[in-house]
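Q: Please take a close look at the charged side chains of this structure that pair with one another. I am new to it, so I would be grateful for each term to be explained along the way.

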Amino acid sequence: MKKIYFIRHAKATQKECENDFERDLNERGKKDLALMCDRLKKHKVRVDTIFSSPAKRCVKTANKMADAVKFKGKIEFVDTFYEATVSDILKFIRGLDDRLNSVFIVSHNDTITEICELLSDAVIGNIPTCGIFCIEFECQFFEISEHSGKALFFDYPKKHKNKD
């Protein structure tokens with residue numbers, strides 16, 4: 001079984017004149033990220049490797065989540081993830097080493113939502129910032145195709161608001 005955790009970066013600043021690539025996490029993003037890291041810890045999620053867009057908001061999200069799951073390897077920053085299409089992400093996934101069983105992909109919307117809907121048996125509409133959508137596959141990475149995966153869970157910060 002292969003698992004891919006598709007993760008949308010945490011909420012970022014919205015300054016008009018700022019370079020998009022360098023947008024940092026805002027305060028809500030930092031709080032949401034802490035919550036989602038706690039969720040990963042609670043469910044004892046473990047991954048073999050982490051791939052992330054090199055955009056600042058993704059780097060920070062990936063690093064915090066790596067700490068949360070006690071990932072000891074090196075995060076691989078994939079330049080093409082910044083403006084990737086669904087086709088780009090699918091090609092990347094199909095090229096993954098089949099010795100891997102569980103991976104994180106930290107990236108951007110709309111592509112992250114679209115790839116999840118393409119590969120899974122779910123219609124989700126939108127992955128909110130800091131959302132995690134996990135898909136399980138009963139095939140090798142190179143065999144992954146449209147709707148070949150099963151949605152295991154979909155978690156995001158607003159699901160847990162007002163729950164103390």
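**Charged pairs, one by one**

A: R99 is exposed, with a relative accessible area of 70% (buried means under 20%, exposed over 50%, and partly exposed in between, using a 1.4 Å probe and counting protein chains only). The model is predicted, so local features need a pLDDT of at least 70 and side-chain atom pairs a pLDDT of 80 or more, while totals for chains, interfaces and linings use all residues. Residues are numbered from 1 along each chain as its sequence is written, and side-chain values use heavy atoms, with hydrogens and water left out.

The side chain of R99 meets that of D97 in a salt bridge, with 2.6 Å from N to O (a side-chain nitrogen of Lys or Arg within 4 Å of a carboxyl oxygen of Asp or Glu). D97, with a relative accessible area of 32%, is partly exposed. Elsewhere, D20, R23 and R57 are joined into one network by salt bridges that share partners. In total, the structure holds 10 salt bridges.

Another of these pairs is D24 with K60, whose closest N and O atoms are 3.1 Å apart. This pair links distant parts of the chain, since D24 sits in the loop between β1 and α1 (27–42) while K60 belongs to helix α2, 36 residues apart (helices, H or I of at least four residues, and strands, E of at least two, are DSSP runs numbered from the N terminus). K60 counts as partly exposed, at 33% relative accessibility.

A pair within one helix is formed by D32 and R28, where the closest N and O atoms of the salt bridge are 3.3 Å apart. Because these two residues are four residues apart in helix α1, about one helical turn separates D32 from R28. D32 is buried, with a relative accessible area of 2%, whereas R28, at 39% relative accessibility, counts as partly exposed.

For a contrast with exposed R99, strand β4 can be considered. Six of the six residues of β4 are buried, so this strand is largely enclosed by the rest of the structure. Both of its faces are covered, with S102, F104 and V106 buried on one side and V103, I105 and S107 buried on the other.
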